[in-house]
Amino acid sequence: MTLSVCLKHQFPGLALDVDFQAPAGLTVLFGRSGSGKTTIVNAVAGLLRPDAGRIVVADHVLLDTQRGLCLPPSRRRLGYIFQEGRLFPHMTVRQNLSYGRWFSPDRGAVHPDHVIELLGIGALLDRRPGALSGGEKQRVAIGRALLANPALILADEPLAALDEARKAEILPYFERLRDEAVVPILYVSHAPAEVARLATSVVALQDGRVARQGLAADVLGDPSILPAGVRGAGAILEARVVAHHDDGLSELDAGGQRLHLPRVARAVGETLRVRIPAQEVILARSRPEGLSALNIIPGRIEAIREGGGPGAIVSLSTPAGTVLARITRRSAQALGLAEGVECFAVLKTVAIAPQDIGGA
Ligand SMILES: Nc1ncnc2c1ncn2[C@@H]1O[C@H](COP(=O)(O)OP(=O)(O)OP(=O)(O)O)[C@@H](O)[C@H]1O
């Protein structure tokens with residue numbers, strides 16, 4: 001266990017009461033606006049003194065209100081990545097990077113060359129932030145946080161201010177950070193696709209409480225806790241690249257099932273995470289023929305969740321993993337769908353967007 005957070009705090013509009021552990025890797029704090037994500041990050045950073053609580057990062061106690069202990073931010077050994085890079089405009093990239101290093105208690109544990117290579121910012125070192133794109137600024141901000149030699153990185157919606165193209169540019173760097181396990185990361189987001197790509201584990205918040213905690217695939221499959229409700233529901237499959245075809249498609253293997261996706265920028269043999277949005281999946285009782293959709297996966301219904309509206313979310317257990325389908329209650333009834341019934345999930349190739357595909 002790398003981070004342990006137990007907090008109670010009362011604001012006029014929020015009664016925060018959380019207790020969770022973040023294992024190594026990248027833990028996403030996920031929840032609707034106002035659910036308490038930033039309040040938790042601020043308490044971990046030392047920017048907010050909560051009414052009660054205890055926060056420990058790898059045996060280093062940052063806060064223990066019972067013992068009257070509350071370390072100031074400068075003694076917490078945290079790297080902070082904000083929505084906007086917040087670089088110093090008058091300094092070059094090189095100077096901005098060394099600024100983080102200046103505050104590091106033992107300089108040198110993370111080598112600058114490695115960080116520069118990891119983030120691909122070698123060509124930017126002599127530029128000032130004004131001459132960088134939004135994505136480049138954010139990469140430098142990540143580098144500065146890493147070079148402060150932190151015990152934990154806090155990233156508060158670091159992609160929120162970027163457009164889709166810039167987000168796609170930055171996501172792989174967070175994946176590398178997660179995979180190299182340079183340092184554990186607590187990452188705030190309310191975008192399911194981002195969570196699906198990045199999270200090792202997810203802490204889902206609702207009204208200041210932990211609604212669910214666990215692996216991304218399990219938490220994201222539960223529409224009741226999703227900020228965007230059923231619209232954000234989706235399954236995560238792990239799939240290995242088998243071939244790239246001349247017509248622009250890539251072929252993947254997910255538990256023995258073939259998936260055809262728009263060309264993925266990964267080598268044959270690499271394993272990917274693919275998010276399958278529930279609203280892009282059609283269900284059929286028999287294997288459809290004469291259909292333009294290329295992906296047809298057989299499975300058995302595990303559960304059907306109905307909400308207050310006309311829709312239902314069907315969880316299908318398949319050899320590729322659990323697939324979710326958002327259909328109408330009317331269709332579920334017409335098809336005689338029920339727990340245990342076998343059916344086929346149909347997915348159009350083009351329904352999978354590049355941001356739904358990432359490193360496993
Ligand atoms: N300094 C404060 N003073 C009073 N109330 C506050 C303060 N900070 C936060 N709150 C209350 O706590 C609630 C949770 O805020 P918080 O910023 O933690 O939510 P969030 O999940 O990060 O939301 P968002 O996704 O919009 O950033 C807010 O709705 C607000 O009512």
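The following questions and answers concern a predicted model. Local features need pLDDT of at least 70, side-chain atom pairs count only at pLDDT 80 or more, and totals for chains, interfaces and linings use all residues. Residues are numbered from 1 along each chain as its sequence is written, and side-chain values use heavy atoms, without hydrogens and water.

Q: How is α3 oriented relative to α5: parallel, antiparallel, perpendicular or oblique?
A: The axes of α3 (residues 112-119) and α5 (residues 164-180) come within 9 Å and cross at roughly 135 degrees. Axes are lines fitted to C-alpha atoms, for helices over the stretch in contact, and angles run from 0 to 180 degrees between N-to-C directions. Angles under 35 degrees count as roughly parallel, over 145 as roughly antiparallel, 65 to 115 as roughly perpendicular and the rest as oblique. The crossing therefore makes α3 to α5 oblique.

Q: Which residues of α5 meet α3?
A: Contact means heavy atoms within 4.5 Å. From α3, the participants are His114, Glu117, Leu118 and Leu119. Their partners in α5 are Tyr173, Arg176, Leu177 and Glu180.

Q: Which polar side-chain atom lies 2.8 Å from an oxygen atom of the ligand?
A: A polar contact is a pair of N or O atoms within 3.5 Å. A polar backbone atom of Gly34 is 2.8 Å from a ligand oxygen, and a backbone N or O atom of Ser35 lies 3.1 Å from one. The side-chain atom belongs to Thr38.

Definitions and conventions: Helices (H or I, at least four residues) and strands (E, at least two) are DSSP runs, numbered from the N terminus. A polar contact is a pair of N or O atoms within 3.5 Å; within protein, one must be able to donate a hydrogen and the other to accept it, and residues adjacent in sequence count only if both atoms are side-chain atoms.
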